[in-house]
Amino acid sequence: MSLPILISPSVLPCDFSKLGAEVEALDAAGVDLFQWDVMDGQFVPNLTFGPDVIASARQYTTKPFEAHLMVLTPDVLAARYVEAGCSRLIVHAEACPHLHRTLGNINSMGANAAVALNPHTPISAIEHVLDLVDMVLIMTVNPGFGGQSYIASMEPKIRELKALIERRGLADQVNIEVDGGIGPSTIEGAAAAGANVLIAGTALFRYSEGLKFAVSDLRAKATDARAKI
Ligand code: DX5
């Protein structure tokens with residue numbers, strides 16, 4: 001049984017002056033979860049939200065929050081994001097000299113642990129921690145900003161990860177997420193390669209038909225693409 005197709009917004013393109021209303025609108029549009037792009041200005045050349053901002057938005061939806069920790073010090077910050085209401089924390093393999101311990105610590109906090117790989121980082125970087133995660137995020141842009149172009153050369157990497165997960169017998173436990181440049185013209189390639197959790201930021205807000213149509217269109221495209229595998 002394959003894990004379900006899930007559509008999640010990146011909150012990055014939202015109007016932060018009315019974040020609660022933006023979260024409510026995304027919830028009403030039918031997203032499955034919310035991804036918060038946490039950036040520290042060190043691991044990536046951008047700075048976004050701390051845990052208190054995420055905590056302030058928690059009351060506007062009951063859907064899961066995940067924090068994509070694009071930070072140099074995930075061990076220092078992890079507990080704050082769990083306390084803020086994130087049920088999954090995504091750390092970058094590139095930022096964790098003791099990745100196995102970091103993921104184990106997140107699990108011990110009662111949150112789901114996930115690991116992200118930048119475009120240059122090989123799948124081999126996470127082959128010994130698959131038992132500690134419920135998701136691997138394959139970045140399809142270089143992290144730091146929304147609105148970048150999808151890196152299609154990541155699709156063989158997604159297929160390689162899917163094959164590894166299947167060889168380990170973890171296909172019903174470990175999700176494959178993609179993030180960056182996901183939209184109507186790219187989501188089918190990512191889903192056909194094996195991604196089941198799809199993060200869309202810029203593209204969601206570009207649909208002239210509105211958010212609800214955008215979410216259902218992206219879900220339909222991903223579902224159809226996977227059915228053709
Ligand atoms: C990159 C960010 C973006 C954001 C969504 O660090 O993680 O990928 O989530 O980006 P777009 O706007 O391309 O969907």
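The side chains of N175 and N196 are joined by a polar contact of 2.8 Å. This comes from a predicted model. The points below start from N175, then cover the ligand surroundings, the aromatic pairs, helices α1 and α3, and a side-chain contact in α5.

**N175 and its surroundings**
- N175 belongs to strand β7, which spans residues 175-179.
- With a relative accessible area of 8%, N175 is buried, because the limit for that class is under 20%.
- Apart from neighbours within four places in sequence, N175 touches L3, R88, D134, M135, V136, N196 and V197. N196 is thus both on this list and the partner in the side-chain polar contact.

**Ligand surroundings**
- The ligand is surrounded by 18 residues. The closest of them are D37, G144, D179, G181 and T202.
- G181 places a backbone N or O atom 2.8 Å from an oxygen atom of the ligand.
- A polar backbone atom of G201 is also 2.8 Å from an oxygen atom of the ligand.
- S10 uses its side chain: an N or O atom there is 3.3 Å from a ligand oxygen atom.

**Aromatic pairs**
- The whole structure contains 5 aromatic pairs.
- One of them is formed by F16 and F49, whose ring centres are 5.4 Å apart. Their planes meet at 65°, so the pair is edge-to-face; the cut-off for that class is over 60 degrees.
- The pair bridges distant parts of the chain, its members being 33 residues apart. F16 sits in the loop between β1 (6-9) and α1 (19-28), and F49 in the loop between β2 (34-39) and α2 (51-57).
- The two rings differ in accessibility class: F16 is partly exposed at 44% relative accessibility, whereas F49 is buried at 6%.
- F16 and F49 belong to a cluster linked by ring pairs, together with F34, W36 and F65.
- F65 has a further partner in R58, which lies over the face of the ring at 3.8 Å from its centre.

**Helix α1**
- Buried positions in α1 are L19, G20, E22, V23 and L26.
- These residues cover an arc of only 160° around the axis, so they sit on the same side of α1.
- That side packs against β1, β2, α2, α7 (202-206) and α8 (211-227) through the buried residues.
- Just after the helix, G30 has a positive phi of about 100°.

**Helix α3**
- Helix α3 runs over residues 74-83, and P74, A78 and Y81 are buried in it.
- Viewed down the axis, the buried residues of α3 fall within an arc of 80°, so they line one face of the helix.
- V76 and E83 are exposed on the other side of α3.
- The packing partners of the buried residues are β2, α2, β3 (65-70), β4 (88-92) and α4 (99-108).
- G85 follows α3 and has a positive phi, near 115°.

**A side-chain contact in α5**
- E166 is found in helix α5, which covers residues 155-167.
- At 44% relative accessibility, E166 counts as partly exposed.
- The side chain of E166 makes a polar contact of 2.7 Å with the side chain of K162.

Notes:
Residues numbered from 1 in each chain as written. Predicted model: local features only at pLDDT ≥ 70, side-chain atom pairs only at ≥ 80, totals over all residues. Heavy atoms only, no water. Phe/Tyr/Trp six-rings, centres within 6.5 Å; stacked < 30°, edge-to-face > 60°. Helix = DSSP H or I, 4+ residues; strand = E, 2+ residues; numbered from the N terminus. Buried < 20%, exposed > 50% of the residue type's maximum accessible area, 1.4 Å probe, protein only. Lys NZ or Arg CZ within 6 Å of the ring centre and 35° of its normal. Arc of directions from axis to C-beta. Contact = heavy atoms within 4.5 Å. Near = heavy atom within 4 Å. Polar contact = N/O pair within 3.5 Å; in protein donor to acceptor, adjacent residues only side chain to side chain.
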